[in-house]
Amino acid sequence: MARVIAVANQKGGVGKTTTCVNLAASLAATRRKVLVVDLDPQGNATMGSGVDKYEVEHTAYDLLVEETPAEQVIVRDTSGKYDLIAANGDVTAAEIKLMEFFAREVRLRNALERVKDQYDFIFIDCPPSLNMLTVNAMGAADSVLVPMQCEYYALEGLTALIDTITKLAAVVNPELAIEGILRTMYDPRNRLANDVSDQLKQHFGDKVYRTVIPRNVRLAEAPSFGAPAIYYDKSSAGAKAYLALAGEMLRRAERNELATEEV
């Protein structure tokens, strides 16, 4: 059964989509079966996966509103070697339509139940706001991966996000937890970045990934070529960082499984 991870941060421009696409591709390269669900109407994860958001036949709108079975919505042929549920501007309408439904917070969870046993990981790329799409992502997820820049305002945003996760866990999904906090666009020469990084480790301990994602031109260029960094330039610092993150996630998962078995 897949581990479902929402990649979320209410602050925009922190590397959510970059993390979603590149981590999914890195895990797929280790022969894990991975599905990416693009819930952002901008469709950046869709385009970054080499899929034209303007030409795609089905999107997350069909999954959430029209109740089209997940098997029919999934795009199998992506540049990242993972499967994809695409998004485009139509998903904006889903935000409005969802308000009409009963149990609207769990539409995505129910839709993904049909395919969860086909994957090792399912990543949900959330929009940069707390709306019904994000609530659906949190309702479907086992945990939340939080990419964030090491800057002052990011710490404030993280506090707000954790408060949101706590409230949603109480109402929608009691199992929801923090998967991990990922430091993105990291520049070790920046004193503030190092200070914020230290504060994160002090407050969140081993929830902060050891792997950091550096500022990297190749990571920024890759989406315009419709490919994750591992296939655009696998020797780049960005591609290597996401491969390292995939390895760290797998080791964590193995440790958690062993701890559960011992209990």
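A residue is called buried when its relative accessible area is under 20%, exposed when it is over 50%, and partly exposed in between, using a 1.4 Å probe and protein chains only. The structure is a predicted model, in which local features need pLDDT of at least 70, side-chain atom pairs count only at pLDDT 80 or more, and totals for chains, interfaces and linings use all residues. Residues are numbered from 1 along each chain as its sequence is written, and side-chain values use heavy atoms, with hydrogens and water left out.

Lys16 lies in helix H1, residues 16-29, where a helix is a DSSP run of H or I with at least four residues, numbered from the N terminus. Lys16 is buried but has no salt bridge, that is, no side-chain nitrogen of Lys or Arg within 4 Å of a carboxyl oxygen of Asp or Glu. Lys and Arg count as positive and Asp and Glu as negative, while His and the chain ends are not counted.

| Partner of the Lys16 side chain | Distance |
|---|---|
| Asp125, nearest side chain of opposite charge | 6.2 Å |
| Asn9, backbone oxygen | 3.5 Å |

Leaving aside residues up to four places away in sequence, Lys16 touches several residues, including Val7, Ala8, Asn9 and Asp125, where contact means heavy atoms within 4.5 Å.

H1 as a whole is mostly covered, since twelve of its 14 residues are buried, among them Thr17, Cys20 and Leu23. At 1.5 Å a residue, its 14 residues should span 20 Å, which agrees with end C-alpha atoms that are 20 Å apart; the expected span is 1.5 Å times one less than the number of residues. After H1 comes Arg31, whose phi is positive, near 70 degrees.

Notes: Helices (H or I, at least four residues) and strands (E, at least two) are DSSP runs, numbered from the N terminus. A polar contact is a pair of N or O atoms within 3.5 Å; within protein, one must be able to donate a hydrogen and the other to accept it, and residues adjacent in sequence count only if both atoms are side-chain atoms.
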